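Hi,

Here is the structure I said I would pass on. Have a look at it first, and then read my notes below.

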Amino acid sequence: MRDGINEKYIDEEKQGEALHLAEPEKEGLKKLYLESYGCQMNFADSEIVASILLKNGYTTTQQMEDADAIFINTCAIRDNAEQRVRARLKNFKPLKDKKPELVIGVLGCMAERLKKRFLDEEKLVDIVAGPDAYRDLPNLISEAESGQRSVNVFLSREETYADISPVRLDGNGISAFITIMRGCDNMCSFCVVPYTRGRERSRDMQSIIAEARDLFEKGYREVTLLGQNVDSYKWKNAGEENVISFAKLLEQVALIHPDLRVRFSTSHPKDITEEVMQVMVAHENICNYIHLPVQSGNSRILEIMNRTYDREWYLNRINMIKSYVPNIGLSTDIIAGFCSETEEEHQDTMKLMNEVVFDYAYMFIYSERPGTPASKNYADDVPEDVKSRRLQEIITLQRDHSLQRNQQDIGKTFKVLVEGYSKRSDEMFKGRNDQNKMIIFPKGNFKKGDYVNVVVKECNSATLHGEVISA
Ligand code: 5AD
Ligand code: SF4
């Protein structure tokens, strides 16, 4: 199970991995070495960055020694995410010493947060580009090549990169992310995202549908619609009166093909609607899985976090969701040791976990982020050892819950989308069920992208193991 060290939703082994194209490196082109840290949105953004640079004379490489440009797409959500980037940059120094014309660019949330300061603090960095500045990368590179270090951290109210079709990097060829909106207007007091990714804006629905359809035609069988708060997606087609809600968009994507699985992330407890649940029930290919971050189980803490709901509201939403889909897969985010959190308030979080019994949780220690409302208004006063102990208690409880939930699946049969070989054996395949649980099973004569029915035989807290009963 992951702990507070890791960033959200992306496997730990993918953090900082060299992202590259499936096809072989092309001769005669400049070489881009690209790494991405942080959330799914950042990985999706890296695919946009690659797409822009591919059109400007670059190909990707996995060998940083060969690179003409090294770009690192960064995360700022917690201090440890930033420390990791700083440590990584040090590894590039010998390369730059050897090859002074090497262009080093820092992209994404940490670039946006630190802006020009990044150039002052990290001498080997040539380019600092925020999440809305990627179209400008070819110019920034030209400037860097002529010896000028440059920064573009302009945050846009419109940019959605709707017209840029992302190149797929390192994927399994089966599942892909589609960004449906950017930015966030929620202003949770602990969170740096509104400052690093700017105001919320939705992407043109037609471009989303076209991207999903294109993926399906290329053999993809699962898309995950991404946004900081997907429930507040809204789009108005030119000349039409009606506003298209997230529920409508979800339905349109589901209608592309029954064999295209649709997932989405992240939902917000204040905004998730019954309409979304009705659409989920009506379409078999919309996965019965919701990621609904709670952050805390105590209403006073939720209030100072500015989450705009309380414990009762959250539990009520969970009941609403379960009333539509009783066997829904549920995961959450939890922060341990937010400002002024008492022992009793921490216990409220554990009690809420006991009430809901999440399948999975992403659990973090509170990390004060400069410039956020919490950093201005509240003291980060829970001692580090207390924060760590609380996080550990939360992790232990969640592990127990994950195991409980997985044990309930033993003997049940699930439709699984084959994603590829399991980590441990070439004889075994892995794939997820509707509830987003990973199942390992003997590969038989099946192939990636097939749907198979698997009966679960055994489990641990992280994975289910089963046997295929039919395709
Ligand atoms: N400290 C710790 N965790 C945080 N998150 C966001 N900001 C912070 C912070 N300052 C967590 C929240 C959010 C997830 C993406 O990261 O749980 O849902
Ligand atoms: Fe993603 Fe938030 Fe990290 Fe930015 S700060 S990369 S939005 S998790």
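Strands β18 (residues 413–421) and β19 (residues 428–432) run antiparallel and are joined by four bridges. This is a predicted model, by the way, so please read everything here in that light. In that pair, Val418 of β18 sits opposite Gly431 in β19, and a hairpin of six residues leads from β18 to β19.

Gly431 turns up again on the other side of its strand. β19 and β20 are also antiparallel, this time with five bridges between them, and the bridge partner of Gly431 in β20 is Ile439. Five residues lie between the two strands of this second hairpin, and Asn436 in the turn has a positive phi of about 75°.

What does β20 do next? Strand β20 (residues 438–442) pairs with strand β22 (residues 464–470), in the parallel sense and over two bridges. Here Ile440 has His465 in β22 as its bridge partner. As general background, strands of a sheet pair through backbone hydrogen bonds, either parallel or antiparallel.

Put together, these strands belong to a closed barrel of five, in the order β18-β19-β20-β22-β21, with mixed pairing. On average, neighbouring strands of this sheet are turned by 55° against each other, ignoring direction.

Now for a helix. In α9 (residues 274–282), the buried residues are Val276, Met277, Val279 and Met280. Looking down the axis of α9, you would find its buried residues within an arc of 160°, so they line one face of the helix. What do they pack against? The partners are α8 (246–254), β14 (261–265), β15 (289–291) and α11 (311–324).

Two single residues are also worth a click.

Phe190 lies in the loop between β9 (181–182) and α6 (193–197). Is Phe190 buried or exposed? Its relative accessible area is 10%, under the 20% cut-off, so Phe190 counts as buried. Not counting residues up to four places away in sequence, Phe190 touches Gln295, Met305, Arg307, Ile335, Phe338, Tyr366, Arg369, Thr372 and Ala374. For a sense of distance, Phe190 and Glu27 are 163 residues apart along the chain, and their C-alpha atoms are separated by 47 Å.

Arg113 is the other one, and you will find it in helix α3 (residues 109–114). Arg113 has 17% relative accessibility, and because the cut-off for buried is under 20%, Arg113 counts as buried too. Leaving aside neighbours within four places in sequence, Arg113 is in contact with Ala76, Glu82, Val192, Thr196, Arg369 and Pro370. Arg369 is on the contact list of Phe190 and on that of Arg113.

Last, the empty space inside. Rolling a probe the size of a water molecule over the atoms shows where such space is left. How many cavities of 30 Å³ or more are there? The count comes to three. I looked at the second largest, which has a volume of about 40 Å³. Its lining is made up of Ala44, Ile48, Pro166, Phe177, Ile178, Thr179, Arg203 and Glu211. Both α1 (40–54) and β8 (175–179) supply at least two of the lining residues, and β8 gives the largest share, with three.

That's everything from my side for now.

Cheers

Conventions
Residues are numbered from 1 along each chain as its sequence is written. Chains are lettered from A and ligands numbered from 1 in the order in which they are written. This is a predicted model: local features need pLDDT of at least 70, side-chain atom pairs count only at pLDDT 80 or more; totals for chains, interfaces and linings use all residues. Side-chain values use heavy atoms; hydrogens and water are left out. Buried means under 20% relative accessible area, exposed over 50%, partly exposed in between (1.4 Å probe, protein chains only). The arc is that of the directions from the helix axis to the C-beta atoms. Contact means heavy atoms within 4.5 Å. Two strands pair if DSSP finds at least two bridges between them. Axes are lines fitted to C-alpha atoms, for helices over the stretch in contact, and angles run from 0 to 180 degrees between N-to-C directions. On a 1 Å grid over the protein atoms alone, a cavity is a set of points where a 1.4 Å probe fits but cannot get out, and a pocket is an open set with protein on both sides within 12 Å along at least five of seven lines; lining residues have an atom within 4 Å of a point. Grid points are joined across faces, edges and corners, and a volume is the space filled by probe spheres set on the points.
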